[in-house]
Amino acid sequence: MNQRAGVIGHPISHSLSPKIFDFLSVTIGGVSLKYLAHDVSPSELRSYVLEALKDPQNIGFNVTVPHKESVLSFAHHLSDEVEKIGAANVLAFKDQEIFAFNTDVVGISESLLSATRGLPTQSVLVVGAGGAARAALYTCGINRFSSVKIINRSPSKARLLGTEFNKFFPATAFKAIENLAELDQNSFDLIVQATPLGMTGYRESTRGNAEAIYQAIFKHQARPGLAFDMIYRPQLTPFLNAAQQSGWKILGGLGMLVGQALATWEIWFEKIENKENVRQLLIQNLQKHLEATP
Ligand code: NAP
């Protein structure tokens, strides 16, 4: 049977997901999948997904901004990650029920764990307090990193996350940092950037601000570590540029994007054979695409 899936967001024209899943269908084979991007407004989200659930050809959706939190209100089953993070990026339809998953966590874990092999990861700073930052906090908690600080434009959200994640993962000490000046008193092995600040197309007026903030973050670090930016467009973001200038190792968001997509495929279909090979081919394919359309 032909199967259908897609990504729902608003707006959605920037999404690489159709390209990724077309590539996976051809490379992995064995399924006949039609994957499309759907621009769904917040007011029509619920009825759109519930209508799609009625058609047995539909196997589910990827979910992106701004719907990652809202889909929890009508999904029938939430994975542990989704419950703790409060956001889902995958819906799987089974027997007329909706199962919600968060494979961003898998993308972050795989990407980070391979990049940090042999490096210390005990002291972490997460920049941001949205859904992607929460997925990063979950990854730190599940991997029992010892200390995780959170800094955000709105400090109250960082404080709230600190309190929540201390309850979820008692082996890790989560704590909000109130402002950039407080960074002087901390040094980090790993800094994770989880805001759109510096992303191509995101409010060009904030670019100067982004550079100043990121330079301030790295200026006070006693020794270099690993800097991870979840943004993948551009490949060298203002955050990664500031990190590199301070001698840090850098990691962009493309590996995370690919990791979450492979994990989505395995939820909808079955385990991918030769997964590492498929991962490398997909990364190369997307890198070429991003170089051609920066
Ligand atoms: P979100 O839930 O909307 O959260 C956005 C966060 O960024 C909030 O903490 C917000 O602060 C902060 N922020 C927004 N604009 C800012 C600005 N001008 N200055 C300082 N802080 C700002 O978004 P999200 O879903 O977490 O996504 C965040 C980023 O992660 C996006 O760039 C997205 O592309 C990336 N991402 C990448 C992948 C991947 O696969 N590589 C997957 C998911 C997300 P306030 O709380 O003050 O509003």
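An oxygen atom of the ligand lies 3.1 Å from a polar backbone atom of Gly131, in what is a predicted model. Two further approaches of this kind involve a polar backbone atom of Ala132, at 2.8 Å from a ligand oxygen, and an N or O atom in the side chain of Arg153, at 2.9 Å from a ligand oxygen. These distances are set out below.

| Residue | Part of the residue | Distance to an oxygen atom of the ligand |
|---|---|---|
| Gly131 | polar backbone atom | 3.1 Å |
| Ala132 | polar backbone atom | 2.8 Å |
| Arg153 | N or O atom in the side chain | 2.9 Å |

Around the ligand there are 23 residues, of which Ala132, Asn152, Ser154, Lys157 and Tyr202 come nearest.

Strand S8, which spans residues 147-151, contains Lys149. Although Lys149 is buried, it has no salt bridge, and the nearest side chain of opposite charge, that of Glu182, is 7.2 Å away, whereas a salt bridge would require the charged atoms to be within 4 Å. The side chain of Lys149 does, however, make a polar contact of 2.9 Å with the side chain of Asn186. Apart from neighbours within four places in sequence, the residues in contact with Lys149 are Val124, Leu125, Val126, Lys175, Ile177, Asn186 and Phe188.

Helix H2, residues 45-53, has Leu45, Val49, Ala52 and Leu53 as its buried residues. Because these residues cover an arc of only 105° around the axis, they lie on the same side of H2. The buried residues of H2 pack against four strands, namely S1 (3-9), S3 (58-63), S5 (90-94) and S6 (97-101).

Notes: Residues numbered from 1 in each chain as written. Predicted model: local features only at pLDDT ≥ 70, side-chain atom pairs only at ≥ 80, totals over all residues. Heavy atoms only, no water. Buried < 20%, exposed > 50% of the residue type's maximum accessible area, 1.4 Å probe, protein only. Helix = DSSP H or I, 4+ residues; strand = E, 2+ residues; numbered from the N terminus. Arc of directions from axis to C-beta. Contact = heavy atoms within 4.5 Å. Lys, Arg positive; Asp, Glu negative; His and termini not counted. Polar contact = N/O pair within 3.5 Å; in protein donor to acceptor, adjacent residues only side chain to side chain. Near = heavy atom within 4 Å.
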